[in-house]
There are 2 protein chains.
Amino acid sequence: MAQRNKLKFIILGLLSEKELTGYDITKAFDSDIGEFWSANHSQIYPLLKRLEDDQLISHRLTITGEKLEKKVYSITDQGAKELNQWIGEPTPALSATKDEFILKLYFIRKNNDPRLAPMLTEQLNLHKNKLIHLQQQMEKKFHNQSDKNNFGHFLILQHAIQRENGYTNWLIETIQGLKSK
Amino acid sequence: MAQRNKLKFIILGLLSEKELTGYDITKAFDSDIGEFWSANHSQIYPLLKRLEDDQLISHRLTITGEKLEKKVYSITDQGAKELNQWIGEPTPALSATKDEFILKLYFIRKNNDPRLAPMLTEQLNLHKNKLIHLQQQMEKKFHNQSDKNNFGHFLILQHAIQRENGYTNWLIETIQGLKSK
DNA sequence: TTTATACATGTATTTATTTACATGTTTTAT
DNA sequence: ATAAAACATGTAAATAAATACATGTATAAA
């Protein structure tokens, strides 16, 4: 599904906290943001250029070592304005969660299909690992009390943990249900 | 995120149950399949043509009324083979769940941001309605005992209900948490 | 010291997806 | 009878996103 330019707002959002290079932004999708969005550097670099043309961000050059040039991007007032406008807008659409495993499951008609157990077990492993990873993130970033300056991040981590917990429980119960037949 | 041709398998999967027109397939995304995937007719019609070129499906013409032509598509043996191969393959990737609301939440830093309560309430309404809709679907399609010939569909409905239940509970608790401050 | 890995930034190509354009028929409600 | 809604099938254009191509630097490990 071609999203309506959410990536633009992700970049603005990341830059609203601190200045970053294109590489930093790319890396963000391997950690935090990666829990709920994905993007490649080949999409990010051209978009940075476009956002700068639109005066939503600007950059300055720095040199690392002898000659490695970095473009460090910052958000402009106009960029911050657009970001906050987007956040404040209603979010009425509940987009379909495109989960390939669920899709495959839909086309399995019989409860004695021999592929069911291995499929469910594979997913259980994946979601268990994801849950562990999320719990570690939570521990690492919000150990005892919640960081007052990243409340949204705390909430989405909490939500993701809750979701993966539910997912694994459903998988476990479904696997149990298969065995008792 | 441009998916790796999942739509192809959705079409094959739908046709593996019964023959359908392009219009029928388009409609499927408004109901069942729509819970976890989306597609427009402008994507479906050209793909039907391509799948027929690849001999995974075939069609016959029928006339409704005086002259309304319909192309009724069926899956071929080769198509069924590819479908089952896909279902049997591992599904190792856990794709990011692209949820615009969660994205916005991530960029809210302060727990006293005035936008939080209305945002959470809006989502609570959406997810409550979705939950009700899913429960109605479950009641309608699998009333007393589960249909033995649509076990996968039963499972994904169960999973979706579980997920929306968790989502609404999390929203309710988060809204409660905001008030007690 | 050399090698692997991470840092850093781009472009090109292909594919996926959305929105809009375009046309006509049949059925149902008024 | 007529109008609205649903049925039915396409194409065009724009945007989003993935994969592959392309190049070079800095740092950490062996």
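Visitor: How many Å separate the centres of domain 1 of chain A and domain 2 of chain A?
Guide: Taken over C-alpha atoms, the centres of domain 1 of chain A and domain 2 of chain A are 30 Å apart, with the domain bounds coming from an automatic or database domain assignment. This is a predicted model, in which local features need pLDDT of at least 70 and side-chain atom pairs count only at pLDDT 80 or more, while totals for chains, interfaces and linings use all residues. Residues are numbered from 1 along each chain as its sequence is written, chains are lettered from A in the order in which they are written, and side-chain values use heavy atoms, with hydrogens and water left out.

Visitor: Where do the two domains of chain A lie in the sequence?
Guide: Domain 1 of chain A covers 6–88, and domain 2 of chain A covers 100–179.

Visitor: And what area do they bury between them?
Guide: Domain 1 and domain 2 of chain A bury about 460 Å² between them, 41% of it on carbon and sulfur atoms, where buried area is the accessible area (1.4 Å probe) that two parts lose on being put together, summed over both. Of the area that domain 1 of chain A buries against domain 2 of chain A, 87% is supplied by A:D32, A:E35 and A:F36, more than any other three residues.

Visitor: Which side chains meet in a salt bridge there?
Guide: The rule finds one salt bridge across that interface, and the side chains of A:K141 and A:D32 meet in a salt bridge at 2.3 Å, N to O; the term requires a side-chain nitrogen of Lys or Arg within 4 Å of a carboxyl oxygen of Asp or Glu.

Visitor: What about A:H153, buried or exposed?
Guide: A:H153 counts as buried because its relative accessibility is 7%, and buried means under 20% relative accessible area (1.4 Å probe, protein chains only). Leaving aside neighbours within four places in sequence, A:H153 is in contact with A:D32, A:K141, A:F142, B:L105 and B:Y106, contact meaning heavy atoms within 4.5 Å.

Visitor: Switching to the two chains, how many residues are in contact?
Guide: In chain B, 67 residues are in contact with 67 residues of chain A, and the two chains bury about 6800 Å² between them, 62% of it on carbon and sulfur atoms. B:K98, B:Y106 and B:R109 supply 12% of the area that chain B buries against chain A, more than any other three residues.

Visitor: How many salt bridges are there between chain B and chain A?
Guide: The count is two salt bridges between chain B and chain A, and the side chains of A:K6 and B:E100 meet in a salt bridge at 3.5 Å, N to O.

Technical notes:
Buried < 20%, exposed > 50% of the residue type's maximum accessible area, 1.4 Å probe, protein only.
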